[in-house]
Amino acid sequence: MGVDYYNILDISRSATDAEIKKQYRKLSLRFHPDKNPGDQVAYDKYKQVAEAYDVLCDPPKRAVYDQFGEEGLKNGVPEGSGETGAWTQGYTFHGNAEKVFRDFFGGSNPYQEFYDRVDGDLSMGFGGLQGRGRKKQDPPIERDLFLSLEEVFHGCTKKMKISRRVMNEDGHTSSIRDKILTITVKNGWKPGTKITFPEEGDQGPNNVPADIVFIVKDKPHPRFRRNGVNLVHTAKVPLGKALTGCDVEINTLDERVLHIPINDIIKPGYTKRVPGEGMPISQSPSQKGDLVIEFDIEFPTSLTPDRKDMIKRSLLQ
């Protein structure tokens, strides 16, 4: 006949994952050695409950057991069509019922937190059990996502490769595997924007994987820097043109050329604002911020005596 794991947990063959966990929680606490010191029958039952849970809580093991029974589960079954002669590796319970208990409830000695000894009697604190049964999530893992201003201006798709620890099918060992995360960059995303991939961190038997969070940062740009939704450009202007007027030529992020006339005298701190030529507004990409032109006035490195006299006469009139 073989071992009936469903009968051990007192559940039907159609039991859900939640029902399996509920029964294991109930029976493992009932037969735990700390509650039944010196009781070999209870200890044997405790180990049977652990093995039954170890099989039925794992979908691949449960599927093999449901189809081939204990013999197929433990001796292995043909893979695929069976024509190749390959067989699956048979299942062997590791025999450590305490490990199953710890992995389920968490902690190195979880049972001690569920029971308080009062005058030699053992009574259960269900509130502690409920809190202890919940796995804790690891803190978020934050990574910088450097984007060029062109990528943010137009929007783009970024493929980010991560390596993370993933639990193997046996539920006790793990391996490192790579995964590609896809980020759809929206027009106008600001520096500091966070993109969260829930529970994509390292897996473990006693934890909820951490969220992976990418944080947008601007790459340095040769012509612009961002200030909110505005783009700031620094134009170098010779002193003579700063005093007499000039046109400033600017290549935009969408490959246009702007010719901005400057008719005012450019003095320290002077800026020129061009509406609608900044970054897209992320909530409304059809709208844009402004282009703010700052100026770097280039002074001559030397002047002839005649030029000095000419400038004096012009400025002192």
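A salt bridge is a side-chain nitrogen of Lys or Arg within 4 Å of a carboxyl oxygen of Asp or Glu. The exercises below use a predicted model, in which local features need pLDDT of at least 70, side-chain atom pairs count only at pLDDT 80 or more, and totals for chains, interfaces and linings use all residues. Residues are numbered from 1 along each chain as its sequence is written, and side-chain values use heavy atoms, with hydrogens and water left out.

**Exercise 1. Salt bridges**

Task: Find how R13 and D66 are paired, and state where each residue lies.

Solution.
Step 1. Side chains of opposite charge can pair when their charged atoms come close.
Step 2. The closest N and O atoms of R13 and D66 are 3.5 Å apart, and the two residues form a salt bridge.
Step 3. R13 sits in the loop between α1 (5-9) and α2, while D66 belongs to helix α4 (residues 59-75). The pair links distant parts of the chain, 53 residues apart. Helices (H or I, at least four residues) and strands (E, at least two) are DSSP runs, numbered from the N terminus.
Step 4. Buried means under 20% relative accessible area, exposed over 50%, and partly exposed in between (1.4 Å probe, protein chains only). R13 has 47% relative accessibility, so R13 counts as partly exposed. D66 is partly exposed because its relative accessible area is 34%.

Task: Compare the places of the partners in the bridges D17 with K21 and D290 with R273.

Solution.
Step 1. For D17 and K21 the closest N and O atoms are 3.2 Å apart. These two residues are four residues apart in helix α2, so about one helical turn separates them.
Step 2. The side chains of D290 and R273 meet at 3.1 Å, N to O. D290 lies in the loop between β16 (284-288) and β17 and R273 in strand β14, so this bridge ties together parts 17 residues apart in sequence.
Step 3. D290 is buried, with a relative accessible area of 17%, whereas R273 is partly exposed at 49%.

**Exercise 2. Aromatic pairs**

Task: Classify the pair Y24 and Y53 by its ring geometry.

Solution.
Step 1. Rings of Phe, Tyr and Trp (its six-membered ring) pair if their centres lie within 6.5 Å; planes under 30 degrees apart count as stacked, over 60 as edge-to-face and the rest as tilted. The structure holds nine aromatic pairs.
Step 2. The ring centres of Y24 and Y53 are 4.5 Å apart and the planes stand at 20°, so the pair is stacked.
Step 3. Y24 lies in helix α2 and Y53 in helix α3 (residues 40-56), so the pair joins parts 29 residues apart in sequence.
Step 4. Y24 counts as buried at 1% relative accessibility, and Y53 counts as buried at 10%.

Task: Classify the pair Y270 and F295 in the same way.

Solution.
Step 1. The centres of Y270 and F295 are 5.6 Å apart with 35° between the planes, and the pair is tilted.
Step 2. Y270 is in the loop between β13 (257-262) and β14 (271-274), F295 in strand β17 (residues 291-298), 25 residues apart.
Step 3. Y270 is buried at 16%, and F295 counts as buried at 15%.

**Exercise 3. Backbone angles**

Task: Describe phi and exposure for E199 and E255.

Solution.
Step 1. E199 is not a glycine, yet has a positive phi of about 55°. Phi of E255 is near 65°, also positive in a residue other than glycine.
Step 2. E199 counts as partly exposed at 43% relative accessibility, while E255 counts as exposed at 78%.
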